[in-house]
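Here are my notes on the model you sent, set out as numbered points so that you can follow them beside the coordinates. I begin with the open and enclosed spaces and then turn to the sheets.

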Amino acid sequence: MLKRTLIAASAISLSAFALTACGSDDDGGGGAEGSDDKITMGFAQVGAESGWRTANTISIQEEAEAQGIELKFTDAQGKQENQISAIRSYIQQKVDVIAFSPVVETGWDAVLQEAKAAGIPVILTDRAVDSEDTSLYETFLGSDFVLEGERAGEWLVENAGEADTNGDGTINVIQLEGTTGAAPAIDRAEGFATAIAADPSIEVTASQTGDFTRDGGKQVMEAFLQADDTIDVVYAHNDDMGLGAIEAIEAAGLEPGKDIKIITVDAVKDGMQALADGKINFIVECNPLLGPQLMELAKAVVAGEEVEPRIVTEETTFTQEQAKEALPDRQY
Ligand code: AHR
């Protein structure tokens, strides 16, 4: 009775904000009121800001289909208020489980209390919320963003000699931050700062948000290049901003990867290609393929089973040589 329409990620990125259901809503919602025993999940996605996000959306949609879970999917277009509206709509529709990747860390308690009062379990995926009340969600599935930042910083400390492209004894790093207030932006900055503290010659001389987008990274990098001709290193919180920075560096007549070293996070295909081509120097992986684990968790919490409160995604790092080897088999 519930008709499924798998929404392509490209279509989602173009659509206006809407409570886009993968099944029709004509029965008024999911398992609590529905007449079949299929689990209904309401998923409030951040948006379509990056290659990582597109891969994450596809993983969730494909796995819901594969595991027979009815998916109601919303693209919040980077706005917290849209995610909150979507979650409220899922509560009204009496879905069996709500999952979401919070745009920013704070400001979720009220809507999560509404979900709890309605008896609907919530799963955090990809990003955490900053709430004292951990009873508001069942589990958090996603990366350790602090560790990712540390891995980026550790590589720089280990390669400090070649990173001093100006040869003046100091390594000036500019940081392209993710969305302000988002967990990966906060944690990747923190982890990086902790790691580079081991080498006093490394300093973050400027830091600004590029909102996790390619355009954002390009614009911020253009401004940095105009203001400062002593930049040795770009640390971008994701591949897309790093790729935007590459465009700006090339337009300024400089060679990315040589005149200015570049470190990014994600390891999506475009980033890995730039790494293999020598334009990026090091990438810390952040795995977007969370769909399979998310759907298993959804089935468990709906069945009333206990689940681990924190499930950390396993990830690695890539040098230029490793990227060349990994590229042919890269899924996203
Ligand atoms: O939350 C994960 C981050 O969000 C990814 O690293 C970034 O590309 C995305 O926009």
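1. The largest pocket of this predicted model has a lining of 14 residues, and those that lie nearest its centre are Gly47, Ala48, Glu49, Gln77 and Gly78. The space in this pocket comes to about 180 Å³, and its lining is made up of 4 nonpolar, 6 polar and 4 charged residues.

2. Where does the largest pocket lie with respect to the two domains? Residues of its lining come both from domain 1 (4–143 + 288–315) and from domain 2 (145–286), and the pocket therefore lies between them.

3. Apart from the pocket, the model holds 2 cavities of 30 Å³ or more, and the largest cavity contains about 90 Å³ of space. Its lining numbers 13 residues, with Trp52, Arg53, Arg127, Arg188 and Asp266 nearest its centre. Helix H2 (51–66) and helix H7 (183–196) are the elements that give two or more residues to this lining.

4. Sorted by class, the residues that line the largest cavity are 5 nonpolar, 2 polar and 6 charged. As for the domains, at least three residues of this lining come from domain 1 (4–143 + 288–315), and at least three come from domain 2 (145–286).

5. Turning to the sheets, one open sheet consists of 6 strands with parallel pairing, in the order E2-E1-E3-E4-E5-E11. Strand E2 (70–75) and strand E11 (310–312) are its edge strands, and because each has a single partner strand, one side of each is left without a neighbour in the sheet. On average, and with direction ignored, neighbouring strands of this sheet are turned by 20° against each other.

6. At the E11 edge of that sheet, strand E5 (residues 139–142) runs parallel to E11 and is joined to it by 3 bridges. A residue to look at here is Leu141, whose bridge partner in E11 is Ile311.

7. A further open sheet is built from 6 strands in the order E7-E6-E8-E9-E10-E12, and here the pairing is mixed. Its edges are formed by strand E7 (202–209) and strand E12 (317–318), each of which has a single partner strand, so that one side of each is without a neighbour in the sheet.

8. Within the mixed sheet, strand E6 (residues 171–177) and strand E8 (residues 233–236) run parallel and are joined by 4 bridges. Gln175 has Tyr235 of E8 standing opposite.

9. Which helices should be viewed together with the mixed sheet? Helix H5 (residues 145–158) lies across E6, E7, E8, strand E9 (261–266), strand E10 (282–285) and E12, and runs at about 155° to E10. Helix H9 (residues 239–251), for its part, lies across E6, E8, E9 and E10, and runs at about 155° to E9.

Conventions: Residues numbered from 1 in each chain as written. Predicted model: local features only at pLDDT ≥ 70, side-chain atom pairs only at ≥ 80, totals over all residues. Heavy atoms only, no water. 1 Å grid on protein atoms, 1.4 Å probe; cavity = no way out; pocket = protein on both sides within 12 Å on 5 of 7 lines; lining within 4 Å. Points joined across faces, edges and corners; volume = space filled by probe spheres on them. Nonpolar A, V, L, I, M, F, W, Y, C, P; charged D, E, K, R; others polar. Domains from an automatic or database assignment. Pairing = 2+ DSSP bridges. Contact = heavy atoms within 4.5 Å. Axes fitted to C-alpha atoms, helices over the stretch in contact; angles between N-to-C directions.
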